[in-house]
Amino acid sequence: MQDVCRDITLKDGRRARVRTVTINDIPARQAFLLAIAHEHVYTLMSPAEMQDACVRMPRKLSEALQRTDALYLIALPLRPDGSESGQVIADFTIKAHDYERMGHCAMLGVEIAPEYRGVGLGDAMMHIAMDWALAHPQLRRIELWVYAANAPAIALYRKHGFDIEGTRRRAMQWKPGEWHDDHLMARLLK
Ligand SMILES: CC(C)(COP(=O)(O)OP(=O)(O)OC[C@H]1O[C@@H](n2cnc3c(N)ncnc32)[C@H](O)[C@@H]1OP(=O)(O)O)[C@@H](O)C(=O)NCCC(=O)NCCS
């Protein structure tokens, strides 16, 4: 996986580092993703499923870090002296599909910590990830699923050139009778 490291200043003046995740980041990444799952925002996995995914994370991440067709980014706050705090405040992944006939197509996922939303972090990580994807020789298409009611995420994706290609009605069920539609969104790269 390509090494990426960028320091950014957010709209409210706070500073953060966006960089490729490493094996040493696993405990902080697990804690972050579990907290997001418990927040019950628009995510795919239930908290119990995320707990299981966290157990599998060391093996999965080791495999992912060997790939050249994937980019796993995290963001961490920067202290005034420029050093990283150990807390993960955002997670951003792009990974090409494993099937040979879909190897030109990558799936995107992004989550920002509640206290860092709306200050430009998702936007900055999207710019970094899209620059990487555009320069990648193999990738031609980035796609994702997003809850139809998730207006902030849809706006972020539209801003970065993604279009809605279709809607899955009642694709998600949070509890019996509570269904949610979702959209397939995609951007063609070149
Ligand atoms: C959706 C999410 C990733 C956006 O990231 P963010 O860091 O808060 O977004 P930014 O502050 O960088 O804003 C970037 C763009 O997103 C859109 N946006 C962000 N927050 C928005 C809001 N509350 N309402 C409408 N649009 C919004 C805007 O287009 C914005 O661009 P602008 O500032 O030029 O108007 C973030 O809110 C999040 O993690 N939500 C919970 C998890 C989630 O829904 N993940 C997506 C799963 S598909």
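The largest nonpolar core of this predicted model has 30 residues, and L73, A75, A90, M125 and A129 have the most contacts inside it. A nonpolar core here is a set of buried Ala, Val, Leu, Ile, Met, Phe, Trp, Tyr and Cys residues joined through C-beta atoms within 7 Å. Because the model is predicted, local features need pLDDT of at least 70 and side-chain atom pairs count only at pLDDT 80 or more, while totals for chains, interfaces and linings use all residues. Residues are numbered from 1 along each chain as its sequence is written.

**Cores**
- Two or more residues of the largest core come from each of strand 2 (15-20), helix 1, strand 3 (70-77), strand 4, strand 5 and helix 3 (121-135).
- Separate from this is a second core of five residues, including V146, Y157, F162 and M185.
- Neighbours within four places in sequence aside, L73 is in contact with V4, V18, R19, T20, V21, F92, M125, I128 and A129; contact means that the C-beta atoms, placed from the backbone, lie within 7 Å.
- In soluble globular proteins, nonpolar side chains tend to be buried together.

**Helix 1**
- Helix 1 covers residues 26-39; at 1.5 Å a residue its 14 residues should span 20 Å, which agrees with the 20 Å between its end C-alpha atoms. The expected span is 1.5 Å times one less than the number of residues.
- F32, L33, I36 and A37 are the buried residues of helix 1. They lie on the same side of the helix, because they cover an arc of only 135° around the axis, the arc being that of the directions from the helix axis to the C-beta atoms.
- Buried means that 20 or more other C-beta atoms lie within 10 Å of the residue's own, exposed that 12 or fewer do, and partly exposed in between, with C-beta atoms placed from the backbone.
- Exposed residues P27 and H38 sit on the face turned away from the buried side of helix 1.
- Helix 2 (47-65), strand 4 (90-96) and strand 5 (105-112) are the elements against which the buried residues of helix 1 pack.
- H40, just after helix 1, takes a positive phi of about 60°.

**Whole chain**
- The protein chain has four helices and eight strands, in the order β-β-α-α-β-β-β-α-β-α-β-β from the N terminus on. Helices (H or I, at least four residues) and strands (E, at least two) are DSSP runs, numbered from the N terminus.
- Of the 190 residues, 22% count as buried.
- Among contacts with a separation of 6 or more, 60% are between residues 24 or more positions apart.
- Along the principal axes, the C-alpha atoms fill a box of roughly 50 × 40 × 35 Å.

Technical notes:
Two residues are in contact if their C-beta atoms, placed from the backbone, lie within 7 Å.
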